[in-house]
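Below is a set of questions and answers on one protein model. Each answer works towards the value or name that was asked for.

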Amino acid sequence: MSEYKRPSWDEYFMEVCDAISKRATCDRGRSGAVIAKDNNILVTGYVGSPLGLPHCDEVGHRLKQMVHEDGSTTTHCVRTVHAEQNAICQAAKRGIAIDGATIYCRMTPCRTCAMLIINCGIVRVVAQRRYHDAEDSEEMFAAAGVKLEYVLDEVQQYPNER
């Protein structure tokens, strides 16, 4: 019989993040986020449409193409609010200070989420995997002094990725 190994705080919060992601309502990247400070969960968030609006799982995706500087294109669903954004909104809505906190998420936050994370004073980001388009966020976090750590050194793959 093997001895029980208690999870580290990072492992614990990432497991909670995985559970939170199961509530996400867009199958193009079901994601969750946990904001914690002093080993306590402050707020959580998951990918979903704004309150009162239809979800991807109900009515389908709202896809938009983005043309990048190198001429390549990617397709993104714009119906939903990202998990990191929803967690930050929950903190604001409930009057919970997240300055100095850590955010746990499934993949590197997008450029917009990175800017919000920096501006609200989160000091550390723990991502399970890299997002395929993570360079801008990684550069911004480095320039702003936000520590970014990856649990796994691989790029996040998800169903219906385009």
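Q: Leaving aside neighbours within four places in sequence, with which residues is I98 in contact?
A: The model is a predicted one. With neighbours up to four places away in sequence set aside, the contacts of I98 are I35, L42, I88, A91, C120, G121 and I122.

Q: Which residues touch the most other members of the largest nonpolar core?
A: The largest nonpolar core holds 28 residues. At least two residues each come from β1, α3, β5, α4, β6 and α5, and α3 gives the most, with four. The members that touch the most others are I35, I98, I103, I117, I122, V125 and F141.

Q: How many residues does the second, separate core have?
A: This core includes C17, V34, Y104 and V126. It is separate from the core described above, and its residues number eight.

Q: Why do the buried residues of α4 lie on the same side of the helix?
A: The buried residues of α4 are C113, A114 and I117. An α-helix has 3.6 residues a turn, so residues three or four places apart point the same way. The buried residues of α4 are on the same side because the arc they cover around the axis is only 100°.

Q: Against which elements do the buried residues of α4 pack?
A: C113, A114 and I117 are the residues of α4 that count as buried, with the cut-off at under 20% relative accessible area. Their packing partners are α3, β5 (102–107), β6 (124–129) and α5.

Q: What phi does G121 take?
A: G121 comes just after α4. Its phi is positive, at about 90°.

Q: Is D38 buried or exposed?
A: D38 sits in the loop between β1 (32–37) and β2 (40–46). Although D38 is not a glycine, its phi is positive, about 50°. Its relative accessibility is 65%. The limit for this class is over 50%, so D38 counts as exposed.

Q: What is the relative accessibility of N39?
A: N39 is also in the loop between β1 and β2. It is a residue other than glycine with a positive phi, near 60°. Most residues other than glycine have a negative phi. N39 counts as partly exposed, at a relative accessibility of 37%.

Q: Which residues are the closest to the centre of the largest pocket?
A: The largest pocket has a volume of about 870 Å³. Its lining has 36 residues, and the elements giving two or more of them are β3 (63–67), β4 (73–77), α3 (83–94), α4 (111–119) and α5 (135–144). By type, the lining divides into 12 nonpolar, 15 polar and nine charged residues. The closest to the centre are H76, H82, C110, R111 and Y131.

Q: Which element gives the most to the lining of the second largest pocket?
A: The second largest pocket has a volume of about 360 Å³. Of its 16 lining residues, Y46, S49, L51, N86 and Q90 are the closest to the centre; the lining divides into six nonpolar, nine polar and one charged. Two elements, β2 and α3, give two or more residues. The most, four residues, come from α3.

Q: Which residues does L152 touch, not counting those up to four places away in sequence?
A: L152 is in the segment after β7 (147–150) and counts as partly exposed, at 31% relative accessibility. Its C-alpha atom is separated by 8.1 Å from that of R130, 22 residues apart along the chain. With residues up to four places away not counted, L152 touches Q128 and R129.

Definitions and conventions
Residues are numbered from 1 along each chain as its sequence is written. This is a predicted model: local features need pLDDT of at least 70, side-chain atom pairs count only at pLDDT 80 or more; totals for chains, interfaces and linings use all residues. Side-chain values use heavy atoms; hydrogens and water are left out. Buried means under 20% relative accessible area, exposed over 50%, partly exposed in between (1.4 Å probe, protein chains only). On a 1 Å grid over the protein atoms alone, a cavity is a set of points where a 1.4 Å probe fits but cannot get out, and a pocket is an open set with protein on both sides within 12 Å along at least five of seven lines; lining residues have an atom within 4 Å of a point. Grid points are joined across faces, edges and corners, and a volume is the space filled by probe spheres set on the points. Ala, Val, Leu, Ile, Met, Phe, Trp, Tyr, Cys and Pro count as nonpolar, Asp, Glu, Lys and Arg as charged, and the others, Gly among them, as polar. The arc is that of the directions from the helix axis to the C-beta atoms. Contact means heavy atoms within 4.5 Å. A nonpolar core is a set of buried Ala, Val, Leu, Ile, Met, Phe, Trp, Tyr and Cys residues joined through side-chain atoms within 4.5 Å.
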